[in-house]
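Welcome! Below are some exercises to work through with the structure open beside you. Try each one before reading its solution.

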Amino acid sequence: MIRPRVVVDLVPGASPAPGARWTGVAIDVLRATSTLTQARENGAARIVSFADPAEALAFRDANPGALACGERGGRIVPGFDLGNSPFEYVRERVEGRALAFASTNGSRAILALRGCGTRWLGAFVNASAVVRALAGAPLVAIVCAGKEGAFALEDAACAGWIVQALLDSGAEAGNDAARLVARVGPRAAGEVRALVEGCDHARTLVPLGREYARDVAFCATLDAIGAVHSF
Ligand code: MLT
């Protein structure tokens with residue numbers, strides 16, 4: 001029997017883009033894929049990602065009902081409808097809407113996986129649901145958003161949580177990054193919170209204001225959402 005295979009990129013673009021036979025998981029724990037999971041949980045119809053905020057605005061303006069969403073420097077982009085806080089994405093704002101999403105790093109992870117036949121948003125807030133959704137997938141590519149081309153601990157740790165679970169159920173690690181993250185992924189919910197709250201990105205978000213500290217706490221809550229959503 002052929003074992004399922006999981007590969008990881010610690011930053012977008014580290015490997016050639018996976019194609020249609022692959023299941024892709026984009027991870028930007030702080031905050032894009034946590035926020036977008038919340039948005040889809042609250043009924044957002046679809047996510048269209050852009051590297052450039054101007055493209056998101058153009059999409060919003062050409063598509064009635066769409067919302068322009070995302071951030072630069074952690075703050076809402078001028079002219080956008082929503083920023084990058086999960087608490088903005090309430091049902092009343094997003095249900096049935098297309099989200100034209102442009103964030104600094106999360107969008108890059110999402111775009112790196114656009115060729116995959118199946119595409120999931122992954123974060124600690126829905127990590128167990130991601131693992132369940134990946135059961136039976138023969139080829140899994142996980143892309144961590146990182147931070148402006150550099151490694152980000154919270155994304156690698158979340159990838160590690162997912163990879164550990166896949167290896168435990170018989171998958172094989174298909175590259176060194178998958179082998180690495182499997183060794184550093186947290187094992188318990190309490191470890192997740194401490195790890196996310198202590199990482200560099202959290203340390204830049206929290207001083208921006210109390211609502212950012214609330215975002216970090218939410219993004220550090222393992223399995224706050226029991227479902228997995230596509231992008
Ligand atoms: C990103 O995509 O770069 C992040 O989600 C930034 C943020 O925390 O707003």
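**Exercise 1. A strand and its partners**

Which residue in β8 is the bridge partner of Val6?

*Solution.* A word before we begin: this is a predicted model.

Step 1. Find strand β1, which covers residues 5–9, and look across to strand β8, residues 139–144. The two strands run parallel and are joined by five bridges.

Step 2. Follow Val6 across to β8, and you arrive at Val140.

Step 3. Now turn to strand β9, residues 172–173, which also runs parallel to β1 and is joined to it by two bridges. There the bridge partner of Val6 is Ala173, while Arg5 stands opposite Glu172.

Step 4. Check how well β1 is covered: four of its five residues are buried.

**Exercise 2. Laying out the five-stranded sheet**

Work out the order of the strands in the open sheet of five strands, and say which ones stand at the edges.

*Solution.* Step 1. Reading across the sheet, the order is β7-β2-β8-β1-β9, and the pairing is parallel.

Step 2. Look for strands that have a single partner strand. These are β7 (118–122) and β9, so one side of each is left without a neighbour in the sheet.

Step 3. Add the helices. Helix α5 (residues 127–134) packs on this sheet and touches β2, β7 and β8. Its direction makes about 160° with that of β7. Helix α6 (residues 153–168) packs on the sheet as well, touching β1, β2, β8 and β9. The direction of α6 makes about 165° with that of β8.

**Exercise 3. Inside strand β2**

How many of the five residues of β2 are buried?

*Solution.* Step 1. Locate β2 at residues 23–27. Five of its five residues are buried.

Step 2. Sort the residues by the way they point. Thr23, Val25 and Ile27 point one way, Gly24 and Ala26 point the other way, and both groups are buried.

Step 3. Look at the neighbours of β2. It pairs with β7 in the parallel sense over five bridges, and there Val25 has Trp120 as its bridge partner. Five bridges also join β2 to β8, again running parallel, and in β8 the partner of Ile27 is Cys144.

**Exercise 4. The four-stranded sheet**

Describe the open sheet that four strands form, and find the helix that packs on it touching β3 and β6.

*Solution.* Step 1. The strand order is β3-β6-β4-β5, and the pairing is mixed.

Step 2. β3 (46–49) and β5 (75–76) each have a single partner strand, so they stand at the edges with one side left without a neighbour in the sheet.

Step 3. Strand β4 (residues 67–72) and strand β6 (residues 98–102) run parallel and are joined by four bridges. Within this pair, Leu67 stands opposite Leu99.

Step 4. The helix is α1 (residues 32–41), whose direction makes about 175° with that of β6.

**Exercise 5. Helix α1 and Thr33**

Is Thr33 buried or exposed?

*Solution.* Step 1. Begin with the helix that holds Thr33, which is α1. Nine of the ten residues of α1 are buried, so the helix is largely enclosed by the rest of the structure. Among the buried ones are Ala32, Thr33, Ser34 and Leu36.

Step 2. Thr33 has a relative accessible area of 0%, and under 20% counts as buried, so Thr33 is buried.

Step 3. Find what surrounds Thr33. Leaving aside neighbours within four places in sequence, its contacts are Ala26, Ile27, Asp28, Leu121, Gly122 and Ala123.

Step 4. Look at its polar side-chain contacts. A polar atom of the Thr33 side chain lies 2.7 Å from the backbone nitrogen of Asp28, and one lies 2.7 Å from the backbone oxygen of Gly122.

Step 5. Just after α1, notice Gly43, which takes a positive phi of about 100°.

**Exercise 6. Around the ligand**

How many residues surround the ligand, and which are the closest?

*Solution.* Step 1. There are 13 residues around the ligand, and the closest are Arg31, Asn84, Ser103, Asn105 and Gly106.

Step 2. Consider distances from polar side-chain atoms to an oxygen atom of the ligand. The distance is 2.5 Å for Ser103, 2.7 Å for Asn84 and 3.3 Å for Glu71.

Step 3. Finish with the cover: on its own the ligand has 270 Å² of accessible area, and the protein covers 98% of that.

Technical notes: Residues numbered from 1 in each chain as written. Predicted model: local features only at pLDDT ≥ 70, side-chain atom pairs only at ≥ 80, totals over all residues. Heavy atoms only, no water. Pairing = 2+ DSSP bridges. Contact = heavy atoms within 4.5 Å. Axes fitted to C-alpha atoms, helices over the stretch in contact; angles between N-to-C directions. Buried < 20%, exposed > 50% of the residue type's maximum accessible area, 1.4 Å probe, protein only. Near = heavy atom within 4 Å. Polar contact = N/O pair within 3.5 Å; in protein donor to acceptor, adjacent residues only side chain to side chain. Areas by Shrake-Rupley, 256 points an atom, 1.4 Å probe, with all protein chains shown as cover.
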